[in-house]
Structures are given as structure tokens and as C-alpha cells.
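Hi,

Here is the structure I promised to pass on to you. Have a look at it first, and my notes come right after.

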Amino acid sequence: MSTAPAFNLKNPCPATMKHAVKLSKEGSPKDTRHFEIDLRGSGMTFEPGDSLAVLPTNCPDLVQDVLNTQGWMGDESVEDLGKKPVSLREALISSCNLATPDKKFLHAIVQKTGNAPELAKLLEPERKEQLEAHLHGRELIDFLHDHPDAKFEPQEFVSLCKKLLIRLYSISSSLKANPDSVHLTVATVRYHTFGRDRKGVASTFLAERVKLNETIIPTFIKEGKGFRLPAADDATPVIFCGPGTGIAPFRSFLQERDATKAKGKAWLFFGEVSSKTDFFYEEEFNDYLKKGVLTNLTTAFSRDQAEKIYVQHRITEHAAELWQWLEEGAIFYICGDASRMAVDVDKALHAVVETAGGKTPEEAAEYIEQLRKDKRYRRDVY
Ligand SMILES: Cc1cc2nc3c(=O)[nH]c(=O)nc-3n(C[C@H](O)[C@H](O)[C@H](O)COP(=O)(O)OP(=O)(O)OC[C@H]3O[C@@H](n4cnc5c(N)ncnc54)[C@H](O)[C@@H]3O)c2cc1C
Ligand SMILES: NC(=O)c1ccc[n+]([C@@H]2O[C@H](COP(=O)([O-])OP(=O)(O)OC[C@H]3O[C@@H](n4cnc5c(N)ncnc54)[C@H](OP(=O)(O)O)[C@@H]3O)[C@@H](O)[C@H]2O)c1
């Protein structure tokens, strides 16, 4: 049992980064990193399939930019969004969501300037879609720059902000293999929109702002309800599909299965952009193959050839064997990108059942639905 209730949003565990390495090698378009966070003395435990909630802080440069637009020093006294008396700078760093402006904030900008007819128009109820499109890639700072005559009182500004939220990360280690730490596999989010370099709050907090051996990461465990392995003595085959950072819970599962000498076959599908730069944890997975912890390891490197090859292409290529595993009662697990990958993998699973299982599209849909009902199709997608 994990001790999830001991720490929570109101009572996070202050954790220490003890090891951080870049998994993406030189030449990769990605910046995916491996983090090891110290758990010693915390009493915090978890199960494979759980996630770690991380409460980040904002980038000080972005906060300075906000302060500059308003002519503030940062040492003004305010109450943060938890009603704690702090300096304005501290409230902007630790309490305020500076990334996603909402209608309340935009209305306040319109009201303050008295001269923002285009923004006012976008706020009309019938222009919801246009507003959404306008907000894509824009943060609070953009509106402060675009409307320099919108001036706020420090407390007024803080109170207008939404709260800075936690981010979840699938845990990529098992306590049986690494009893003193929790590992994460995190893609650093950086992009450029409307003339500014942007930073994902939590992923750059971990990659850039947390220093080794500093105890500054507020964390707690979020239980991965249903995203669990069968018991070690259960011979049910398991199929893991985890491209990109979707690999995280499966590294945890494999460590656990290795430590518990789990029965049953295991098949891992992993995909990334290139085998040379982004085959995360390659040696570990090859060792698991040698030891028999993994039965099959199937990779899809999307940019190693002219045409894109994704995990779902590998799934359909291996339809006959995959169908056989499903018929033996295998559990299919998927983790990673929800909007495109998980949708396409779902289609590929239907295709496997149709082609290798000889079923009509309707029968295949029923088969997959039954997998879901039997908890043999488990998803942790984001
Ligand atoms: C259960 C669960 C498990 C997860 N596990 C992992 C994991 O193991 N590893 C991992 O890396 N992530 C994982 N995530 C995702 C993670 O929680 C964060 O969402 C991710 O790290 C981004 O957070 P951030 O604070 O860095 O970025 P944010 O500050 O939240 O910024 C991300 C947002 O920026 C915007 N954005 C991004 N790119 C662009 C662009 N090009 N143009 C315009 N806007 C853009 C989008 O609105 C996007 O939602 C998981 C999520 C869940 C729910
Ligand atoms: N919503 C989006 O547009 C979007 C885009 C990228 C990432 N993300 C998010 O960014 C985070 C980190 O991403 P990540 O680094 O873990 O990995 P990722 O960007 O999902 O990439 C991992 C691998 O999946 C491939 N891929 C792209 N589209 C796919 C599809 N439809 N089906 C199967 N595979 C596909 C990528 O190939 P190619 O890159 O070569 O196509 C890459 O080889 C996640 O939270 C993810 O949801 C979202």
C-alpha cells in the first residue's frame, strides 16, 4: 500500500533532487531528462503505476518581466492566493499562475485601459472560439505588454491570478529496485510564440531551477488507480506501449517485475524520434531482454527513415503475435500523449483484432470494449 494520504497539496513533502541527467543525446530535437528525487527520511512510499505531483515555481525572469511592466519593485507586501503575507515577488513566483489568462483577467485589462476594443470584442460570449484561438500560445505577460496603460495595484493583480497548479509525473522507478528515491522521466517544454521564448512551468522548474541537493521540491504521491501490474505469481502476459515520456511507468513496472521475479511474458513497445539520440534507458531494456524480464522489445524511431514509423505501425506489423497474446489473456497498457498517439494506437488495436482475429469492425469494437470492461486495457495518457 502506498502512503498517499500522508502528503497532499496542503501538506506536500519537501523533496531533494539527488541526481539529474539528460536522456536526449547531442543532436536530439528533444530535451527529455531523468530525475532522481531523494525520499530518505520522508516516509513517502509509492507503488509502480503511481504519479508524483510536483508543485513548481515560476521562472524568476518571467516574474521580473511582469514586475517591470507595472513598475513594481517586487518587495511590496501582499497576501498570496493562500492568504499568506509575502512579498509581491514571492507571490508571483510561488502562488500565481502566470501562464494561462482567463476571462476575468482579460476583462480587468479591458476595464483598466478603457481602450482595448479588439480584446473587448473577443470577450463577447459568441466569440468563444476566436478567444480560444487568440489565447493559444499567449500568457499573462503578453497582455501586460500589449496594454501598457493597464496598471494594477499589487494585491489586485495577485488576486486576479489563478493558483499555480501541481503537475503530475508518472513515476519511472520501483521502490524494490531503488528504495531511497523516486525517478521521473520528463520532457522539458520549451517553445516560441508571438516573439517570446516560453517555458513549461514545471518541466523547466525541474530542468533549470532545481539545483542538486536543494530541498525545495514540494511533492506528494497521486495513486495510479487501476494502472497496476498483476501479482508477481500471476502468469498473465503484459504488453506495455509507451512512446516518448510514456515509457516512465513501464520502467517502473519492469524494475518491479525484475525484483519480484514476476511470472508471465512482457512485451514493450517504445518509440521516439531517433535510435541514436532518444533510445531512453536502452541498456536497461536490453539487459531485461537478456534476463527474460522482457520477452519482446519492439521499437519505432519516427525520424530514422524518410517515412514516419510510430508504435502503432509496429503493433499492426506484429498483429498475429499480439493477437495471440491477447487471446492468452494479456493486459494491454498504454501511456503517453493522449491527443494523437493514444487515439492512433487504439485504432491499431482494432485493426489487429480485425486482421489477426478475423473479426468484423463491429466485433472488433466489442472485443476491445470487453478488454476495457475486464480491465485488460489500461490507460495513463495525458
Ligand atoms: C497522469 C499524468 C502523468 C504524466 N506523466 C508525465 C511524465 O512522466 N513525463 C512528462 O514529461 N510529462 C508527464 N505528464 C505531463 C506533465 O504533467 C506536464 O503537463 C508537462 O510536463 C508540461 O508541464 P509544464 O508545467 O512544464 O508546462 P506548462 O506550463 O503546463 O505548459 C504546457 C502548455 O504549454 C502550451 N504549449 C506547449 N507547447 C506549445 C506550443 N508549441 N505552442 C503553443 N502552446 C504550447 C500548451 O498549452 C501546454 O498545455 C503527465 C501528466 C499526467 C496528467
Ligand atoms: N498535443 C500536441 O500537439 C503534442 C505534441 C508533442 C508533444 N505533446 C506532449 O508533450 C509531452 C511530451 O511528449 P513526449 O516527449 O513524451 O513524446 P511525443 O512528442 O509524444 O513523441 C514521442 C514519439 O511519438 C511520436 N509520435 C508523434 N505522433 C504520434 C502518433 N500520432 N502516434 C504515435 N506516435 C507518435 C513522435 O514522433 P514525431 O515527433 O517524429 O512525429 C516520437 O517519435 C507529452 O505531454 C505530450 O502529450 C503534445
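Below is what I found, from the overall fold to the ligand shell and the end of the chain.

Please keep in mind that this is a predicted model. The protein chain has 382 residues, of which 36% count as buried, and holds 14 helices and 17 strands. Its C-alpha atoms fill a box of roughly 65 × 50 × 40 Å along the principal axes. If you take the contacts between residues at least 6 apart in sequence, 74% join residues at least 24 apart.

Ligand 2 may interest you most. There are 23 residues around it, and G244, T245, S302, Y310 and D337 come nearest. Two or more residues of this shell come from each of β14 (266-272), α11 (311-317) and α13 (341-355). Sorted by class, the shell has nine polar, seven nonpolar and seven charged residues. Ligand 2 lies between domain 1 (4-56 + 166-222) and domain 3 (238-381), because both give residues to its shell.

Now to the last helix and strands. Helix α14 (residues 361-373) has 13 residues, which at 1.5 Å a residue should span 18 Å; the end C-alpha atoms are 18 Å apart, so the two agree. After α14 comes K375, with a positive phi near 60°.

Strand β17 (residues 377-381) pairs in the parallel sense with β16 (residues 331-336) over five bridges, and R379 in β17 is the bridge partner of I334. Side chains alternate along β17: R378 and D380 point to one face and are buried, whereas Y377, R379 and V381 point to the other and are not.

Enjoy exploring it!

Key: Residues are numbered from 1 along each chain as its sequence is written. Chains are lettered from A and ligands numbered from 1 in the order in which they are written. This is a predicted model: local features need pLDDT of at least 70, side-chain atom pairs count only at pLDDT 80 or more; totals for chains, interfaces and linings use all residues. Helices (H or I, at least four residues) and strands (E, at least two) are DSSP runs, numbered from the N terminus. The expected span of a helix is 1.5 Å times one less than its number of residues. A residue is buried if 20 or more other C-beta atoms lie within 10 Å of its own, exposed if 12 or fewer, and partly exposed in between; C-beta atoms are placed from the backbone. Two strands pair if DSSP finds at least two bridges between them. A residue is near a molecule or strand if its C-beta atom, placed from the backbone, lies within 6 Å of it. Ala, Val, Leu, Ile, Met, Phe, Trp, Tyr, Cys and Pro count as nonpolar, Asp, Glu, Lys and Arg as charged, and the others, Gly among them, as polar. Domain bounds come from an automatic or database domain assignment. Two residues are in contact if their C-beta atoms, placed from the backbone, lie within 7 Å.
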